Amino acid sequence: MTVLDQPDPQAPAVPTRQAAPARELTEQERRFVGWHLIVAIAALLVGSLMGPLQAFEYSGVNVYPWIEPIIHSYYQGLTIHGVLNALVWTTFFIVGFTNLTTIRGLQRPLSHPWINKAGFWIMVVGLLTAAVPLLGNQATVLYTFYAPLKASWAFYLGLTLVVVGSWVEGLGFYLTLWAWRKEHRGVRSPFIALGGIINAAMWQIATLGLAASILTMLLPWSLGLIDGVDPELSRTYFWFTGHPLVYFWLLPAYISWYGMLPHQAGGKLFSDSLARLSFWMFLLVSVPVGFHHQFVDPGVPQTWKWIHAGLTYSVFFPSTLTAFTVIASLEYAARKRGGTGLIGWVRQLPWTDPSVAAQLLAAILFMFGGIGGLTNASYNLNLVIHNTAWVPGHFHLTVASAVTLSFIGITYWMVPYLMNKKLWGPRVALVQAWVWFVGMIIFSNAMHVLGLLGAPRRTPLGEATYVPEAWNGNLLRVSIGGAILLVAVILYGLVMIRTAFGPKVAPEEVPAVPIAESIRHPQLTPVWLDRFKPWLLGAAVLLLIAYGPQLVDQILNMHLNAPGASFRPW
Ligand code: HAS
């Protein structure tokens with residue numbers, strides 16, 4: 001027994017932990033969550049096939065002329081890759097996963113399941129609407145769709161519907177939490193449910209920027225109702241949403257790292273209070289940092305860039321808190337399994353479990369992605385790396401590793417759970433996680449180095465005439481990393497498809513949702529870490545201070561004079 005297992009003599013009396021059997025999801029609920037995952041995984045597999053094409057292009061292997069009837073250019077491939085992987089895979093996975101964490105965390109059905117169903121179908125209609133111009137080369141505007149690049153109206157409408165659908169599902173989550181709280185007065189909300197719902201609330205605040213951009217400018221412009229757009233204002237709106245978007249992706253991985261992975265590793269959550277604190281901090285400071293993506297934009301005064309740079313350092317804090325708490329939880333688990341030594345305990349973690357290994361490898365890569373984020377956030381260092389290959393290097397360690405590899409790890413228990421199946425080829429799944437890890441190290445390291453050497457991002461460098469000798473080795477390493485990642489994607493597809501089409505097993509053979517108990521009873525968590533109001537109020541005030549004056553100024557000085565169509569470069 002470790003010190004942490006001994007009862008705290010100062011602790012107030014708390015209700016004993018419920019011994020009642022856990023309420024797992026019903027068949028119908030599993031099917032509903034499963035539909036989200038089908039769309040998500042299909043988007044990941046298709047989108048990921050586009051990535052290596054760009055990586056190969058870097059070393060001069062240009063496959064686009066061969067696939068011309070389907071994909072017309074490097075830029076169309078890049079747009080499909082970004083939209084499917086960064087927007088569709090993530091959003092559908094996250095909303096599906098939040099359904100699961102809400103239902104399983106609160107141990108009750110959704111209070112208004114029809115609201116969530118309506119939300120899901122709105123998202124699907126939106127996706128199909130956006131897919132038509134995307135595949136038809138009428139929305140080759142990259143995943144950031146900066147004006148004055150102009151897409152078909154259907155692309156903007158489709159994206160709007162996906163966001164609206166996610167809001168509607170969010171409403172379903174709030175109502176369910178509200179119903180649960182009425183039934184459990186004075187009881188702390190279970191962490192995995194609360195975490196998902198904080199993320200949904202942060203997403204709703206964040207996407208106000210996107211809504212303003214599309215509804216007041218991009219959609220009317222693409223429909224010909226207004227003649228032009230204001231590119232600066234549209235970028236400001238975009239990054240109002242764009243930076244918190246990265247935490248919308250990240251927080252479900254954090255739910256798993258805090259609330260599930262410790263259990264999978266054989267231990268407990270080190271601190272329920274710290275886990276909640278980090279989620280509330282994300283709600284507070286995720287949004288008012290968007291100008292760190294606009295350090296070089298001429299229309300934003302320097303003072304505001306400095307303010308957002310400072311706030312960016314505060315959004316660093318909940319992640320360092322996460323590193324501390326999750327590593328402490330893992331150490332606790334490993335020592336229980338006999339681990340010893342300052343870092344020797346790491347060996348005792350269940351590395352042969354593909355779900356655990358994928359998430360650990362994702363978190364290790366995130367340490368490097370996080371350091372890169374710190375570099376990006378420094379106003380002066382950002383001038384060196386902005387718009388270079390460094391930036392995709394950074395986000396392949398974050399969204400494509402910390403997030404995507406974690407989600408992949410989660411699907412290794414979640415898909416069998418939802419479908420009453422056994423995971424096909426656990427060894428193949430384990431190899432898949434390691435192949436991803438190795439491929440990503442090679443790929444992202446080369447991209448970072450290329451960025452420092454001055455290689456621009458979003459450029460078919462294989463075609464460029466100005467490539468200096470010093471870039472060549474790194475361009476080749478990008479292609480090699482891309483090829484290894486392609487193998488990892490194929491292995492993932494194989495495991496998922498074979499699992500989905502494998503035989504059903506008896507319900508008792510299907511592992512339950514892994515939920516980590518916290519070392520201290522959650523009831524000992526301070527009540528202010530369980531309340532939405534103070535944090536929402538704080539977020540609104542901070543947002544008004546950090547964005548209000550600039551938004552008012554940019555709106556009052558708006559110039560709708562960028563015509564758009566003449567800028568189509570494809
Ligand atoms: Fe970023 C650009 C700053 C995090 C994604 N970022 C991007 C873009 C994307 C992106 C997609 O300040 C490009 C957008 C575009 O297309 O233009 N980013 C940051 C900062 C952080 C950060 C300060 N980014 C993320 C995350 C992302 C993401 C997370 C996706 C999910 N980023 C920037 C800036 C730019 C930028 C500028 C603009 C660049 C430019 O000029 O264009 C921080 O939140 C990072 C904090 C992270 C840490 C790491 C903590 C480590 C943990 C792991 C613990 C390890 C464990 C494993 C548990 C402090 C939690 C233990 C293992 C055992 C075996 C024991």
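**Reading the ligand site and helix 7**

Author: In this predicted model, a nitrogen atom of the ligand lies 3.1 Å from an N or O atom in the side chain of His394.

Reader: Which elements give two or more residues to the shell around the ligand?

Author: Helix 7, helix 10 (302–336), helix 11 (354–377) and helix 13 do so, and His394 itself lies in helix 13, which spans residues 390–419.

Reader: Which protein atom is the donor of the iron atom of the ligand?

Author: Donors are N, O and S atoms within 2.8 Å of the metal, and here the only protein donor is NE2 of His394, at 2.2 Å from the iron.

Reader: What other polar contacts does the ligand make, and how do the residues of the shell divide?

Author: An oxygen atom of the ligand is 2.5 Å from an N or O atom in the side chain of His386, while an oxygen atom of the ligand is 3.4 Å from a polar backbone atom of Asn376. The shell residues comprise 24 nonpolar, 12 polar and 1 charged.

Reader: How should I read helix 7, and is it enclosed or open?

Author: An α-helix has 3.6 residues a turn, so residues three or four places apart point the same way. In this structure helix 7 covers residues 231–259 and reaches 42 Å from its first C-alpha to its last, and because 27 of its 29 residues are buried, helix 7 is largely enclosed by the rest of the structure.

Reader: Where does helix 7 bend, and which residue caps its N-terminal end?

Author: Helix 7 bends by about 30° at Leu250, with Pro252 following within four residues, whereas Asp230 caps the N-terminal end through a side-chain oxygen 3.1 Å from the backbone nitrogen of Glu232.

Technical notes. Residues are numbered from 1 along each chain as its sequence is written. This is a predicted model: local features need pLDDT of at least 70, side-chain atom pairs count only at pLDDT 80 or more; totals for chains, interfaces and linings use all residues. Side-chain values use heavy atoms; hydrogens and water are left out. The expected span of a helix is 1.5 Å times one less than its number of residues. The bend at a residue is the angle between axes fitted to the seven residues ending there and the seven starting there. Buried means under 20% relative accessible area, exposed over 50%, partly exposed in between (1.4 Å probe, protein chains only). A polar contact is a pair of N or O atoms within 3.5 Å; within protein, one must be able to donate a hydrogen and the other to accept it, and residues adjacent in sequence count only if both atoms are side-chain atoms. Donors are N, O and S atoms within 2.8 Å of the metal (3.2 Å for Na, K and Ca); water is not among the atoms, so sites may look incomplete. Ala, Val, Leu, Ile, Met, Phe, Trp, Tyr, Cys and Pro count as nonpolar, Asp, Glu, Lys and Arg as charged, and the others, Gly among them, as polar.
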